[in-house]
Amino acid sequence: MPHVDRLFRHAMWLERNRAEAEDLVQETLVQALQSFQRFTPGTNCRAWLLSILQHVRTNRQRKKGRIPVDANMEERIENVVPFVPPVPQRLTDEDMLLALAHIPQHHQEVILLCDVEDLTYKEIAAALEIPIGTVMSRLHRGRELLRIELARAGAAPAGMDAKREAR
């Protein structure tokens, strides 16, 4: 139960709907209780619960027949300029959340699990059932997209706009 708040926060971020997030957390806890004998004592319980939450969410999306696909992904990748904008001096939580909402979902998940939930790359790979190299790649690309979104949204210092227009 000490991890319920973090599970709910993560579910809220993924679903962006309180009722859906509550259902997701409840179903996650039911699944965890039903398969508690599979939990290995001494391992990270939060990572195990987040892994179950990811599975439950993926299964629900499959049932609904709508796994979100970013149709503009190729365009975003093609238009990425190697310039890495500096982190803005004045950055609010709202700026960060707005920029995070504009990057692809699979990058959001890895960034949240690493930078917010403080999971290791290995724990993230296990929770999302992806190779650790994919975790590192998504984290790198996600952070890069996040910096670009922050600069694009105007959260960057005033001099950034002039540099962007000059390119």
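# A walk through the helices

Let's start at a pocket: the second largest one has a lining of 18 residues, and those nearest its centre are Met96, Leu100, Ile111, Leu112 and Val116. Keep in mind as you look around that this is a predicted model. The space in this second largest pocket comes to about 390 Å³. Which helices build its lining with at least two residues each? They are helix H1 (4-15), helix H5 (93-101), helix H6 (105-116) and helix H8 (132-152). Sorted by class, the lining of the second largest pocket holds 11 nonpolar residues, six charged ones and one polar one.

Pick out one of those central residues, leucine 100, and you land in helix H5. Is leucine 100 buried or exposed? Its relative accessible area is 5%, and the cut-off for buried is under 20%, so leucine 100 counts as buried. Leaving out residues up to four places away in sequence, leucine 100 touches Trp13, Gln108, Ile111, Leu112 and Leu146. Two of those names, Ile111 and Leu112, also turn up in the list of residues nearest the pocket's centre. With leucine 112, you can put a distance on things: the C-alpha atoms of leucine 100 and leucine 112 are 9.4 Å apart, with their positions 12 residues apart along the chain.

Now slide over to helix H6, where you'll find histidine 106. Histidine 106 has 29% relative accessibility, so it counts as partly exposed. Its side chain makes a polar contact of 3.4 Å with the side chain of histidine 107. Look across to valine 135 as well: that residue is 29 places away from histidine 106 along the chain, and 9.7 Å separates their C-alpha atoms.

Next up is helix H7 (121-128). Which of its residues are buried? They are Ile124, Ala125, Ala127 and Leu128. Viewed down the axis of H7, these buried residues fall within an arc of 165°, so they line one face of the helix. There's a handy general point to go with this: an α-helix has 3.6 residues a turn, so residues three or four places apart point the same way. And what covers the buried residues of H7? The cover includes H3, H6 and H8.

One of those buried H7 residues, isoleucine 124, gives you a reference point for methionine 136 in helix H8. The two are 12 residues apart in sequence, and their C-alpha atoms lie 9.8 Å apart in space. Methionine 136 itself has a relative accessible area of 41%, so it is partly exposed.

Right after H7 comes glutamate 129, in the loop that leads on to H8. Here the backbone does something worth a look: glutamate 129 has a positive phi of about 55°, although it is not a glycine. Why point that out? Because most residues other than glycine have a negative phi. Glutamate 129 is exposed, with a relative accessible area of 59%.

There is another positive phi to find, at arginine 16, where the value is about 60° and the residue, again, is not a glycine. Arginine 16 is also in a loop, the one between H1 and helix H2 (18-34). With 43% relative accessibility, arginine 16 counts as partly exposed.

Carry on past H2 and you reach serine 35, in the loop between H2 and H3. Serine 35 has 11% relative accessibility, so it counts as buried. Its side chain reaches back to the backbone oxygen of glutamine 31, at 2.8 Å. Setting aside residues up to four places away in sequence, serine 35 touches Trp48 and Ile52.

That brings us to helix H3 (residues 45-64), home of arginine 46. Arginine 46 has a charged side chain by class, and you might wonder: is arginine 46 buried or exposed? At 13% relative accessibility, it counts as buried. What does its side chain reach at 2.4 Å? The partner is the backbone oxygen of glutamate 117. Beyond its neighbours within four places in sequence, arginine 46 is in contact with His3, Arg6, Glu117, Asp118 and Leu119.

Notes. Residues are numbered from 1 along each chain as its sequence is written. This is a predicted model: local features need pLDDT of at least 70, side-chain atom pairs count only at pLDDT 80 or more; totals for chains, interfaces and linings use all residues. Side-chain values use heavy atoms; hydrogens and water are left out. On a 1 Å grid over the protein atoms alone, a cavity is a set of points where a 1.4 Å probe fits but cannot get out, and a pocket is an open set with protein on both sides within 12 Å along at least five of seven lines; lining residues have an atom within 4 Å of a point. Grid points are joined across faces, edges and corners, and a volume is the space filled by probe spheres set on the points. Helices (H or I, at least four residues) and strands (E, at least two) are DSSP runs, numbered from the N terminus. Ala, Val, Leu, Ile, Met, Phe, Trp, Tyr, Cys and Pro count as nonpolar, Asp, Glu, Lys and Arg as charged, and the others, Gly among them, as polar. Buried means under 20% relative accessible area, exposed over 50%, partly exposed in between (1.4 Å probe, protein chains only). A polar contact is a pair of N or O atoms within 3.5 Å; within protein, one must be able to donate a hydrogen and the other to accept it, and residues adjacent in sequence count only if both atoms are side-chain atoms. Contact means heavy atoms within 4.5 Å. The arc is that of the directions from the helix axis to the C-beta atoms.
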